[in-house]
Amino acid sequence: MIDLKDVVYCRLGTRDLDGAEWFAVNILGLEVAERQRGAVHFKSDDRYHTLCYFEGDPDDQVTAFEVAGASELQAAAATLEDLGHRVHAGTPEECTSRHVRDFIRFSDPTGNAIELVVRPEHSGRRYHGTRDAGITGFSHVGLYTTDPARDEKFWTTVCNARVSDRIGEAPLMRLGAIHHSIALFPSNRSGIQHINHQVAATDDIQRSLNMLREQQVNITFGPGRHPTSSAQFLYFSGPDGLTYEYSTGVCEIHDEPLWRDRQFPFEPTGFCQWGSKPNIPAFQD
Ligand SMILES: O=C(O)c1cccc(O)c1O
Ligand SMILES: [Fe+2]
């Protein structure tokens with residue numbers, strides 16, 4: 001079993017790195033951690049970085065998870081190779097640029113690029129965005145799946161994810177107490193469906209709503225409240241059409257052996273208790 005501790009960062013290719021940096025700082029509210037040749041790393045919490053935009057193909061997207069240490073990473077590589085996944089071992093240069101001790105990369109059964117990392121760096125400096133978005137940190141990622149049952153099995157049996165709830169066939173899966181760190185949304189493609197940052201309060205959702213409207217950012221869903229995690233949310237479009245979500249109040253699951261995953265309908269009411277309707281293809285029939 002590959003024991004994933006947490007989701008740690010996303011890496012997104014873009015043909016317009018300056019435009020992506022402008023959006024990440026001025027709209028999303030992240031802080032530049034470091035500029036490297038052809039890549040910009042962003043902070044959203046105490047970690048060195050939780051997002052990287054790099055010059056490249058927008059279809060080139062990676063989601064990274066932390067594992068406990070070197071031996072766990074080695075065991076994970078062996079497990080994945082036994083299952084027929086091709087495994088790339090991070091080079092020293094790749095480790096340096098990510099500020100991690102070691103990592104491997106492979107693809108999940110849908111073809112989503114995944115990195116497993118050892119000892120991702122904390123910066124020792126707290127995050128402060130120049131725009132006051134109220135961000136408290138990077139929290140979860142939605143991935144596309146071409147076969148939700150197959151991929152749920154991968155994440156919950158090859159890895160340690162546990163299903164907290166399902167909306168239709170889409171599982172919301174936790175790695176620790178937080179309601180979900182990964183969600184899988186049925187599609188005919190692979191890639192990152194959305195990236196979530198937590199914000200401190202309802203005020204931050206409402207303040208961003210007005211700011212995003214004024215900046216003519218495409219708001220795609222919300223404000224609303226998820227019946228699943230009970231979080232209040234707002235979704236909008238970022239560079240290369242990627243969906244970003246702010247949410248606040250995501251619940252935690254502590255009564256571990258007693259919790260049973262709940263089934264919600266794949267309808268607007270399964271996604272929002274306040275009657276907001278998604279304009280997001282992955283959330284619509
Ligand atoms: O927070 C949730 O419960 C949730 C539900 C559906 C889709 C999402 O992106 C979510 O974050
Ligand atoms: Fe989400």
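User: In what order do the eight strands of the open sheet run?
Analyst: This is a predicted model. Its eight strands form an open sheet with mixed pairing. The order is β2-β3-β4-β1-β5-β8-β7-β6.

User: Which strands stand at the edges of the sheet?
Analyst: An edge strand has a single partner strand, so one side of it is left without a neighbour in the sheet. The strands in this position are β2 (31-36) and β6 (88-89).

User: What is the bridge partner of H88 in β7?
Analyst: β6 pairs with strand β7 (residues 102-107) over two bridges, in the antiparallel sense. In β7, the residue bridged to H88 is R105.

User: What angle does the direction of helix α2 make with that of β7?
Analyst: Helix α2 (residues 70-82) packs on the sheet. It touches β5 (61-67), β7 and β8 (113-118). Its direction and that of β7 make an angle of about 20°.

User: Which residues are the protein donors of the iron ion (ligand 2)?
Analyst: The donor atoms lie 2.0 to 2.2 Å from the iron ion (ligand 2). Along the chain the donors follow the spacing H-x53-H-x50-E. They are H140 (NE2), H194 (NE2) and E245 (OE).

User: How many residues apart are H140 and H194?
Analyst: H140 belongs to strand β9 (residues 135-145) and H194 to strand β13 (residues 192-199). The pair thus links distant parts of the chain. The separation is 54 residues.

User: Are H140 and H194 buried or exposed?
Analyst: Buried here means under 20% relative accessible area. For H140 and H194 alike, the class is buried.

How values were computed: Residues numbered from 1 in each chain as written. Chains lettered and ligands numbered in written order. Predicted model: local features only at pLDDT ≥ 70, side-chain atom pairs only at ≥ 80, totals over all residues. Heavy atoms only, no water. Donors = N, O, S within 2.8 Å, 3.2 Å for Na, K, Ca; no water. Helix = DSSP H or I, 4+ residues; strand = E, 2+ residues; numbered from the N terminus. Buried < 20%, exposed > 50% of the residue type's maximum accessible area, 1.4 Å probe, protein only. Pairing = 2+ DSSP bridges. Contact = heavy atoms within 4.5 Å. Axes fitted to C-alpha atoms, helices over the stretch in contact; angles between N-to-C directions.
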